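User: I am in my first year and would like to understand how the labels given to a structure are justified. Could you take me through some of them with care?

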Amino acid sequence: MDSAGQDINLNSPNKGLLSDSMTDVPVDTGVEEEIVTLRQVLAAKERHCGELKRRLGLSTLGELKQNLSRSWHDVQVSSAYKKTQETLSQAGQKTSAALSTVGSAISRKLGDMRNSATFKSFEDRVGTIKSKVVGDRENGSDNLPSSAGSGDKPLSDPAPF
């Protein structure tokens with residue numbers, strides 16, 4: 001069989017298979033021209049495909065979004081994802097229960113502390129100070145109580161920030 005007259009059929013079940021007698025046959029310029037022609041046809045078909053996609057409103061970004069969406073769906077239905085999701089859900093429930101228990105314990109301790117003698121004494125002192133500050137303001141004086149040794153002089157305005 002002459003390689004120059006050989007028809008390259010891409011749908012042939014024997015494509016790419018050369019007989020031992022053909023391995024030493026030099027490449028003909030006709031074959032090279034046919035390769036160039038096939039490349040041109042392929043490029044034209046790719047351009048046509050691109051034009052069809054453009055007319056249909058399919059963009060590279062749209063295809064990327066669709067591929068990512070499909071990939072994410074595949075991940076979500078995988079057994080590894082489901083197992084991880086279940087484990088994290090259980091961990092979240094246990095963490096929530098633990099935090100609830102800790103919150104209850106802290107609330108209980110704060111309640112105990114508020115009922116303690118030390119806290120009541122502190123609360124009384126703060127109340128006394130508050131009544132002095134608020135009492136002065138209610139009497140028409142916006143000045144804080146003066147510190148020892150300053151007399152009745154009003155406090156100077158602080159420097160602006």
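Analyst: Let us begin with a definition: a helix is a DSSP run of H or I with at least four residues, and helices are numbered from the N terminus. Please keep in mind that this is a predicted model. The chain has four helices and zero strands, and along the sequence the pattern reads α-α-α-α. Helix H1 covers residues 29–56, and Glu51 and Arg54 lie three residues apart in it, which means that about one helical turn separates them.

User: What makes the contact between Glu51 and Arg54 a salt bridge?

Analyst: The definition asks for a side-chain nitrogen of Lys or Arg within 4 Å of a carboxyl oxygen of Asp or Glu. For Glu51 and Arg54 the distance from N to O is 2.5 Å, a value within the 4 Å limit, and therefore the contact is called a salt bridge.

User: Which residue does Arg55 form a salt bridge with?

Analyst: Arg55 forms a salt bridge with Glu51, and their closest N and O atoms are 3.3 Å apart, which is again within 4 Å. These two residues are four residues apart in helix H1, so about one helical turn lies between them.

User: Why is Arg54 called exposed, while Glu51 is called partly exposed?

Analyst: Exposed means over 50% relative accessible area, buried means under 20%, and partly exposed is in between. Arg54 has 55% relative accessibility and therefore counts as exposed, and Arg55, at 63%, counts as exposed too. Glu51 has 27%, which falls between the two cut-offs, so Glu51 is partly exposed.

User: How do you know that Arg114 and Glu123 form a salt bridge?

Analyst: Their side chains meet at 3.4 Å, N to O, and this distance is within the 4 Å that the definition allows. As for the other salt bridges, those that share partners join Glu51, Arg54 and Arg55 into one network. The structure holds four salt bridges.

User: Why is the aromatic pair of Trp72 and Tyr81 called edge-to-face?

Analyst: The rule for aromatic rings gives one pair in this model. In that pair, Trp72 and Tyr81 are 5.7 Å apart centre to centre, with 80° between the planes. Centres within 6.5 Å count as a pair and planes over 60 degrees apart count as edge-to-face, so the values for Trp72 and Tyr81 meet both conditions. Trp72, at 46% relative accessibility, is partly exposed, and Tyr81, at 25%, is partly exposed as well.

Terms used:
Residues are numbered from 1 along each chain as its sequence is written. This is a predicted model: local features need pLDDT of at least 70, side-chain atom pairs count only at pLDDT 80 or more; totals for chains, interfaces and linings use all residues. Side-chain values use heavy atoms; hydrogens and water are left out. Rings of Phe, Tyr and Trp (its six-membered ring) pair if their centres lie within 6.5 Å; planes under 30 degrees apart count as stacked, over 60 as edge-to-face and the rest as tilted. Buried means under 20% relative accessible area, exposed over 50%, partly exposed in between (1.4 Å probe, protein chains only).
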